[in-house]
There are 2 protein chains.
Amino acid sequence: MTETFVIAQGGGPTAVINQTLAGAALEARKRHPGSRVLGALHGVRGIRDGNYVDLSALSEQQLRLVAATPSAALGSTRDKPDAAYCETVLAGLHKVGATAFIYIGGNDTAGTQQILAEAAGKDIAFVHAPKTIDNDLVENDHTPGFISAAEFIAGAFLSVDLDFRALPGIYVGIVMGRHAGFLTAAAAAWQQDEDSEPHLVYVPERAFSPARFIDDVREVTSRHGRCIVAVSEGVTAEDGRSVVENLVPPDRLERDAHGNVRLSGGDLGMTIEQLIHDGLPGARARVDTFGYLPRGNVATINDTDAREAFQAGVFAVEAAARGGGSVALQYAHGITRPQLVPLADVAGKTKHLPDDFLLTDSNRISAKCKAYLERLLPRRFEVAKPFV
Amino acid sequence: MTETFVIAQGGGPTAVINQTLAGAALEARKRHPGSRVLGALHGVRGIRDGNYVDLSALSEQQLRLVAATPSAALGSTRDKPDAAYCETVLAGLHKVGATAFIYIGGNDTAGTQQILAEAAGKDIAFVHAPKTIDNDLVENDHTPGFISAAEFIAGAFLSVDLDFRALPGIYVGIVMGRHAGFLTAAAAAWQQDEDSEPHLVYVPERAFSPARFIDDVREVTSRHGRCIVAVSEGVTAEDGRSVVENLVPPDRLERDAHGNVRLSGGDLGMTIEQLIHDGLPGARARVDTFGYLPRGNVATINDTDAREAFQAGVFAVEAAARGGGSVALQYAHGITRPQLVPLADVAGKTKHLPDDFLLTDSNRISAKCKAYLERLLPRRFEVAKPFV
């Protein structure tokens with residue numbers, strides 16, 4: 001029987017999601033000579049609408065160039081199929097004679113695969129390949145896309161700290177991260193010493209109190225003469241709602257098909273700027289919203305991340321041969337390897353920063369978190385300690 | 001006579017301002033064995049207050065590490081000395097027996113040197129060494145610091161365009177640049193083709209009309225299915241005032257000692273977000289304020305920029321031997337070389353984007369601007385054209 005692989009990409013792009021695409025496409029051709037590999041455009045929407053690109057027609061060289069290109073070459077989607085949508089997707093897969101559907105994405109994408117797998121027969125293998133800068137997939141030690149985005153963040157905070165040693169003040173960088181603070185914690189990955197950036201880290205796992213925030217910043221500023229802060233877009237107030245959700249007028253509050261409130265605007269930044277203006281009058285303060293800059297940045301593609309993402313794609317083809325499931329990057333005995341886990345174990349679940357990754361009663365990361373980050377993100381730049 | 005060099009750094013840090021510091025310090029020691037090289041902390045403030053670090057005590061290896069470190073290792077200042085301040089600075093220079101004062105900075109810094117040179121006798125040589133990510137110094141083909149910051153911008157826009165091909169929408173990146181649009185124009189340096197980022201560029205040299213902006217964005221979005229926009233922080237309204245100045249409540253409007261309004265906040269970004277929300281209802285739009293991220297980023301230090309900055313420092317010592325003046329990077333016969341020009345030619349003056357760097361009646365850069373950027377910023381990353 002001729003194998004037909006359908007591959008698609010879902011959710012927010014990363015710097016290495018195309019590595020996974022290329023890894024799967026190349027491995028499918030290698031293991032199943034003569035097989036067809038179809039790339040669905042804009043995720044499940046491409047399957048529903050019959051929009052494909054024939055990846056079998058591309059040379060290995062072309063696929064390697066695609067692999068090295070950030071963002072989702074096939075396009076992405078935030079569509080979350082309901083039952084009716086699923087029917088059209090399944091019909092679409094049958095129409096092209098699909099024997100396997102590999103969907104690269106986060107926990108929402110794993111959820112889509114789970115729904116499809118339950119609705120379909122055994123004739124199609126449904127595979128979820130992991131991807132997210134948020135690093136919030138359970139069963140994974142870390143996720144493809146995280147390391148590259150984290151390197152951007154680590155380098156940015158190292159750099160900004162040097163900037164604010166030269167011209168002292170308060171700096172706040174707002175970092176993507178809806179539910180999990182890994183990316184924000186990565187701000188501390190290349191911290192030089194106790195005196196260095198970031199002095200404070202605010203993540204979704206801890207309730208954000210404006211009054212406490214101002215006290216923290218005041219204390220650090222009086223001790224270090226400057227204060228460098230990393231804040232997750234998804235920080236939540238005591239009532240459990242995101243700070244953004246509590247602040248933005250309802251008519252401007254956008255939600256995606258998954259019901260997620262849009263966090264990537266400048267609202268939180270402006271609010272924090274106002275907080276500092278009111279709470280620490282006269283202080284020189286700057287708030288930057290990193291927004292989309294870290295997530296698929298061509299200048300900070302990490303080699304390990306690229307290689308692991310490619311391997312996840314290769315393993316997705318093996319996973320299809322085993323009947324489907326979710327590919328998870330697991331770490332044991334000093335080695336990161338893709339493993340197969342059930343879709344249900346990953347779908348819709350969120351991995352949070354472990355409790356012991358944060359210091360108790362302080363907005364700082366723990367030595368354990370530091371060690372985890374150092375394993376994934378070895379220091380890349382050596383810098384001199386400034387004279388001031 | 002023992003030579004005593006005083007070196008200081010002024011204005012906003014860059015990724016390579018320490019190259020100039022190291023170049024000057026190493027050259028001073030080489031040309032004048034036994035000379036003293038003092039680094040003043042936080043610019044002229046360090047001279048006024050007698051705060052120095054003895055750079056003569058550092059090994060070449062230590063100075064090379066300082067050179068490779070972004071931001072101003074000596075600290076910086078935004079102080080603009082008046083007559084009384086100048087007296088204390090001159091007294092400070094005499095106190096340490098300075099024979100030359102090399103001040104690394106932008107046009108405000110050159111202005112300070114001009115005032116000091118006019119107030120002092122001939123016993124001290126006053127040298128301005130160029131530095132600014134804004135690329136707005138007259139007499140210079142380009143300025144140390146610009147290329148590295150521009151690479152950050154070029155890479156970011158290339159990446160964001162790929163992101164918005166995958167998940168279409170409107171993206172606006174707000175880029176530093178008070179009076180000159182060079183850094184914002186650099187968003188187009190690595191543009192792949194007509195269809196690629198950025199589609200629109202708004203710079204301080206052209207009046208910003210909100211209505212025209214919305215029309216432009218609507219037109220591009222309907223043609224390309226997405227719209228990528230670069231906007232200078234310093235864009236000005238028809239009345240010649242900065243857009244930020246027109247919008248921010250006066251009690252929040254910060255000014256530095258030079259009378260410059262602070263532009264680096266998120267105010268402009270929020271205003272543009274609101275403009276799009278009102279003018280193009282329902283559109284998916286994201287606005288990121290790049291803020292401090294490009295200016296001293298450790299991940300995008302450009303080798304040419306680093307080398308030229310170092311050479312500017314080396315040449316500053318030669319400039320001191322010639323009696324002082326401003327070091328300018330000039331370009332002729334395919335080579336960029338530092339040259340000596342009078343301080344008065346640079347002080348307080350601003351170089352703008354030439355008229356023919358922008359297309360008439362369109363918010364796009366011209367082929368001439370493209371060629372200039374390509375000379376300074378050869379394409380660093382090859383990427384595949386996405387399938388969507």
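This report covers the domains, the chain interface and the cavities of a predicted model.

Residues are numbered from 1 along each chain as its sequence is written, and chains are lettered from A in the order in which they are written. Local features need pLDDT of at least 70, side-chain atom pairs count only at pLDDT 80 or more, and totals for chains, interfaces and linings use all residues, while side-chain values use heavy atoms, without hydrogens and water.

**Domains of chain A**

Chain A splits into domain 1 (4–133 + 300–346) and domain 2 (146–295 + 354–376). These bounds come from an automatic or database domain assignment. The C-alpha centres of the two domains lie 32 Å apart. On the domain 1 side, Arg78(A), Ile133(A) and Thr300(A) lose the most area to domain 2, together 43% of what that side buries.

**Two interfaces**

The size of an interface is often given as the accessible area lost when the parts come together. Buried area here is that loss with a 1.4 Å probe, summed over both parts. Contact means heavy atoms within 4.5 Å. A salt bridge is a side-chain nitrogen of Lys or Arg within 4 Å of a carboxyl oxygen of Asp or Glu.

| Interface | Residues in contact | Buried area | Carbon and sulfur share | Salt bridges |
|---|---|---|---|---|
| Domain 1 of chain A with domain 2 of chain A | 18 residues with 14 residues | about 1,400 Å² | 52% | zero |
| Chain B with chain A | 69 residues with 69 residues | about 5,400 Å² | 64% | two |

Tyr292(B), Leu293(B) and Phe387(B) supply 14% of the area that chain B buries against chain A, more than any other three residues. Asp163(B) forms a salt bridge with Arg295(A). Their closest N and O atoms are 2.7 Å apart.

**Cavities**

A cavity is a set of points, on a 1 Å grid over the protein atoms alone, where a 1.4 Å probe fits but cannot get out. Points are joined across faces, edges and corners, and volume is the space filled by probe spheres set on them. There are four cavities of 30 Å³ or more. The largest holds about 90 Å³. Its lining has 13 residues, each with an atom within 4 Å of a point. Closest to the centre are Gly266(A), Met270(A), Thr289(A), Gly266(B) and Thr289(B). By class, the lining has four nonpolar, six polar and three charged residues; Gly counts as polar.

Terms used: 1 Å grid on protein atoms, 1.4 Å probe; cavity = no way out; pocket = protein on both sides within 12 Å on 5 of 7 lines; lining within 4 Å.
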